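Here are a few exercises to work through with the model open in your viewer. Try each task before you read its solution.

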Amino acid sequence: MTKRPKVLVARRVPAAVIDKLSRHFELDTVPGDTVLTPDELRARLQGKAGAYITGTVRITGELLDACPELRVISTMSVGYNHIDLPACTARRVLVTNTPDVLTETTADFGFALLMATARRMSEGERLLRDGRWESWSWDFLAGADVHGTTLGILGMGRIGQAIARRGHSGFGMKVIYHNRSRLPAETESQLAARYLSKDELLREADHLILVLPYSAASHHCIGAAEIALMKPTATLVNIARGGIVDEDALAAALREHRIAAAGLDVFEGEPRVNPALLPLPNVVLTPHIASATMPTRLAMADLAADNLVAALTGATPPTPLNPEILPLQ
């Protein structure tokens, strides 16, 4: 009988995923939601051909060198900045992720966070729960309109385009964007989106939403200088990755009311949150839950399993990040 490949499932996942993987592999599962330390991860990966991970599990070149039998890493996430992809490619370790299945859900949340930020919902709820709602006045918790305003999108991939559709078609917003590469004219027309330079985008947007991937080039690409270009009435929403925003610069700008408000679902040191942000009333904070609906999380988990099964059974996985190394030897 052919020996089945050994696979580590590094975080708790749906039972259906375990059932699917167990039909093909000899599984080593981590109980509960324990995050393995680097040493524990290295030990558990010994002799494993594959690893099913989430965004909390870091894969480095040093780890790969210590686990020479590892051939496939399947992450249950779209973002992959927790994985050293060039190191994986150099060692012929295939990496897969889970794009597409969370686009609409994440765009829903991004727009919800934009609205909560603009309309001061979090601030109002805290005030009410604290028993500080005592009277009405004409400017009581008055925020900013969303409909008919200018929506700026930095990063115009699948999620950015889904947000653009919501803004233009649902709220009559004027959509402007900046992206590493400009969209085709037909796509711009469908989205009613106008391409601008990054600085122009920052100056014109009433509401700026960040949807670009994290990389060394995008690290702190929104810092003090960029925030200084924004309108004092503008809001900033980040559903991309925490390291894109210089959180100290953002906290200072919010504290000094140099922009009106911010909504953040991602943080540079998560799950730790920059303490400078916590006391500020004009920032809405959520714990990296933009894709957190049950149907979407199940779809992400299932796609990650499909990627792993395909890659280790000689098929082409649906969503490889470094397909140039296929087929696996």
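**Exercise 1. Backbone oddities**

In which loop does Ala192 lie? Then work out what its backbone does, and do the same for Asp100, keeping in mind that this is a predicted model.

Solution.
- Step 1: Find Ala192 in the loop between α8 (185-191) and β8.
- Step 2: Check its phi. Ala192 is not a glycine, yet its phi is positive, about 50 degrees.
- Step 3: Look at its surroundings. The relative accessibility of Ala192 is 35%, so it counts as partly exposed, given that this class runs between 20% and 50%.
- Step 4: Move to Asp100, in the loop between β5 (94-96) and α5. Here too phi is positive, about 75 degrees, in a residue that is not a glycine.
- Step 5: With a relative accessible area of 43%, Asp100 is partly exposed.

**Exercise 2. An aromatic pair**

How many aromatic pairs does the structure hold? Take Tyr177 and Tyr195, and classify how their rings are arranged.

Solution.
- Step 1: The count is two aromatic pairs.
- Step 2: For Tyr177 and Tyr195, the ring centres are 5.3 Å apart and the planes sit at 70 degrees. Angles over 60 count as edge-to-face, so that's what we call this pair.
- Step 3: Place the partners. Tyr177 belongs to strand β7 (residues 174-178) and Tyr195 to strand β8 (residues 193-195), so the pair ties together parts 18 residues apart in sequence.
- Step 4: Compare the accessibilities. Tyr177 is at 0% and counts as buried, whereas Tyr195 is partly exposed at 26%.

**Exercise 3. Helix α11 and its ends**

Which residues of α11 are buried, and what covers them? Finish by looking at what sits at either end of the helix.

Solution.
- Step 1: α11 spans residues 247-255, and seven of its nine residues are buried.
- Step 2: The buried ones are Glu247, Ala249, Leu250, Ala251, Ala252, Ala253 and Leu254.
- Step 3: Their cover includes α10 (224-229), β11 (261-264) and β12 (283-285).
- Step 4: At the N-terminal end, Asp246 acts as the cap, with a side-chain oxygen 3.2 Å from the backbone nitrogen of Asp248.
- Step 5: Past the helix comes His257, whose phi is positive, near 60 degrees.

**Exercise 4. The second largest pocket**

How many residues line the second largest pocket, and which element gives the most to that lining?

Solution.
- Step 1: The space in this pocket is about 300 Å³.
- Step 2: Its lining has 22 residues; Ala118, Arg120, Gly143, Ala260 and Ala261 lie nearest the centre.
- Step 3: Sort the lining by element. α5 (103-118), α6 (121-129) and β12 each supply at least two residues, and α5 comes out on top with three.
- Step 4: Sort it by chemistry, and you get nine nonpolar, nine polar and four charged residues.

**Exercise 5. Two cis prolines**

Where are Pro271 and Pro327 found, and what is omega for the cis peptide bond leading into each?

Solution.
- Step 1: Pro271 is in the loop between β11 and β12. The cis bond joining Glu270 to Pro271 has an omega of about 10 degrees.
- Step 2: Pro327 is in the segment after α12 (294-312). The bond from Leu326 to Pro327 is cis, with omega near 0 degrees.

How values were computed:
Residues are numbered from 1 along each chain as its sequence is written. This is a predicted model: local features need pLDDT of at least 70, side-chain atom pairs count only at pLDDT 80 or more; totals for chains, interfaces and linings use all residues. Side-chain values use heavy atoms; hydrogens and water are left out. Buried means under 20% relative accessible area, exposed over 50%, partly exposed in between (1.4 Å probe, protein chains only). Helices (H or I, at least four residues) and strands (E, at least two) are DSSP runs, numbered from the N terminus. Contact means heavy atoms within 4.5 Å. A polar contact is a pair of N or O atoms within 3.5 Å; within protein, one must be able to donate a hydrogen and the other to accept it, and residues adjacent in sequence count only if both atoms are side-chain atoms. Rings of Phe, Tyr and Trp (its six-membered ring) pair if their centres lie within 6.5 Å; planes under 30 degrees apart count as stacked, over 60 as edge-to-face and the rest as tilted. On a 1 Å grid over the protein atoms alone, a cavity is a set of points where a 1.4 Å probe fits but cannot get out, and a pocket is an open set with protein on both sides within 12 Å along at least five of seven lines; lining residues have an atom within 4 Å of a point. Grid points are joined across faces, edges and corners, and a volume is the space filled by probe spheres set on the points. Ala, Val, Leu, Ile, Met, Phe, Trp, Tyr, Cys and Pro count as nonpolar, Asp, Glu, Lys and Arg as charged, and the others, Gly among them, as polar.
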